[in-house]
Amino acid sequence: MQIGIRLHDTLPMALPERLAHTREQGFSCAHVALSKVIDDFEIKNSTLTPGFAMYLKKLFARNDLDVAVLGCYLNLADPDGARLVETIEKYKAQIRFASWLGAGVVGTETGNPNSLYVPDPASRTEEALYTFTKNLSCVVEYAEKMGVVVAIEPVCRHVVYDARRARQVLRSIQSPNLQIILDPVNLLDDCDAGRYKDVVKEAIELLGEDVAVIHVKDFSVSDGKIVSMAAGTGIMDYSDLIRFMKTDKPYIHATLEDTVPENAVQAREFMERLWNEA
């Protein structure tokens, strides 16, 4: 396990100092959403040049950090045709950039069938799944040309809401350039708290072969609702996840989520302790 963090969850500072601080905190990789950590200029397709990518590549290498995930979390289920065309072009620009940067994967969630990207009962329909899969296939086809892996992250409130649905997408597209970001907590609907171990086991069983990155966080239940939080601060039992990573994915990138600067190191140490004790 190579443990990392979402870069935008670290202390806000100029990027060179931010990366140095991230390494000093003991992290070895990062989930990078460019628009959330670069404020010197607007991140748009035209700014994603080879020169910019190579500058970042050298900066990350100088700090001994991998770019585990280049985040491009846009809505591939958007029913607005014009906006969808723009979205797909943004994915292509990020994929090109990832190929120059040497990012592990370009990561994305799976959207909702509305233009606001908000939870929608229609997300669970076969029509929504067909639309998302069709649009994702265009993105993956481009990723194949650029030698980049796109990884989708199933989330219970999105079109790909569980492991079975994710396996269906993988089966439909059938590309080695399409893999999975596994975030167990994101698979938990509010009614799943009591059976979360079964949800995690099912995800590992159905998707394990194609998991490229792990997102790590914890959860508790408040007023009957799942609340996500930093690893080690909730009620989650990580034994099945740790066993899976240690046995089947020993050097996988595992990036923390829902940390704040004050508890990030504590969360990293918690996960490393579980790893060493397993």
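Which residues touch the most other members of the largest nonpolar core? I started my notebook there.

**Entry 1: ground rules**

I am working with a predicted model, in which local features need pLDDT of at least 70 and side-chain atom pairs count only at pLDDT 80 or more, while totals for chains, interfaces and linings use all residues. Residues are numbered from 1 along each chain as its sequence is written, and side-chain values use heavy atoms, with hydrogens and water left out.

**Entry 2: the cores**

I looked up the largest nonpolar core and found 86 residues, with Leu136, Leu182, Ile214, Met245 and Met271 touching the most other members. For the record, a nonpolar core is a set of buried Ala, Val, Leu, Ile, Met, Phe, Trp, Tyr and Cys residues joined through side-chain atoms within 4.5 Å. Buried means under 20% relative accessible area, exposed means over 50%, and partly exposed lies in between, with a 1.4 Å probe and protein chains only.

I then picked Leu136 and listed its contacts (heavy atoms within 4.5 Å). Not counting residues up to four places away in sequence, Leu136 touches Leu76, Val150, Ile152, Val169, Ile173 and Leu178. A second, separate core has 8 residues, among them Val105, Val149, Ala151 and Val213.

**Entry 3: the largest pocket**

Next I went looking for open space. Rolling a probe the size of a water molecule over the atoms shows where empty space is left. The search uses a 1 Å grid over the protein atoms alone: a cavity is a set of points where a 1.4 Å probe fits but cannot get out, a pocket is an open set with protein on both sides within 12 Å along at least five of seven lines, and lining residues have an atom within 4 Å of a point. Grid points are joined across faces, edges and corners, and a volume is the space filled by probe spheres set on the points.

The largest pocket holds about 770 Å³ of space. I counted 33 lining residues, and Lys36, Cys72, Tyr73, Leu74 and Glu109 lie nearest the centre of this pocket. The elements giving two or more residues to this lining are α2 (34-37), α4 (81-101) and β9 (225-229), and α2 gives the most, with 3 residues. Helices (H or I, at least four residues) and strands (E, at least two) are DSSP runs, numbered from the N terminus.

I also sorted the pocket lining by type: 12 nonpolar, 10 polar and 11 charged. In that sorting, Ala, Val, Leu, Ile, Met, Phe, Trp, Tyr, Cys and Pro count as nonpolar, Asp, Glu, Lys and Arg as charged, and the others, Gly among them, as polar.

**Entry 4: the cavity**

How many cavities of 30 Å³ or more does a search of the whole structure find? I got 1. The largest cavity has a volume of about 40 Å³, and its lining is made of Tyr196, Lys197, Val200, Met236, Asp237, Tyr238, Asp240 and Leu241. Both α7 (196-207) and α8 (239-248) supply at least two of these residues, with the largest share, 3 residues, coming from α7. The cavity lining splits into 5 nonpolar, no polar and 3 charged residues.

**Entry 5: cysteines**

I checked for disulfides (pairs of cysteine sulfur atoms within 2.5 Å) and the count came to 0. Why is there no bond between Cys191 and Cys156? The sulfur of Cys156 is the closest cysteine sulfur to that of Cys191, but at 8.7 Å it is too far for a bond. Cys156 is buried at 5% relative accessible area, whereas Cys191 is exposed at 64%.

**Entry 6: backbone oddities**

Most residues other than glycine have a negative phi, and I noted two residues that do not. Tyr117 has a positive phi of about 55 degrees and is found in the loop between β4 (105-108) and α5 (126-146). Tyr117 counts as partly exposed, at 24%. Asp223 has a positive phi of about 50 degrees and lies in the loop between β8 (218-222) and β9. Is Asp223 buried or exposed? Asp223 is exposed, at 79% relative accessibility.

**Entry 7: two buried residues**

Thr22 sits in helix α1 (residues 15-24) and is buried at 0% relative accessibility. Leaving aside neighbours within four places in sequence, Thr22 contacts Ile5, Leu7, Thr10, Phe27 and Leu65.

Asp192 is in the loop between β6 (178-182) and α7, and is buried at 10%. With the same neighbours left aside, within four places in sequence, Asp192 is in contact with Leu187 and Val199.
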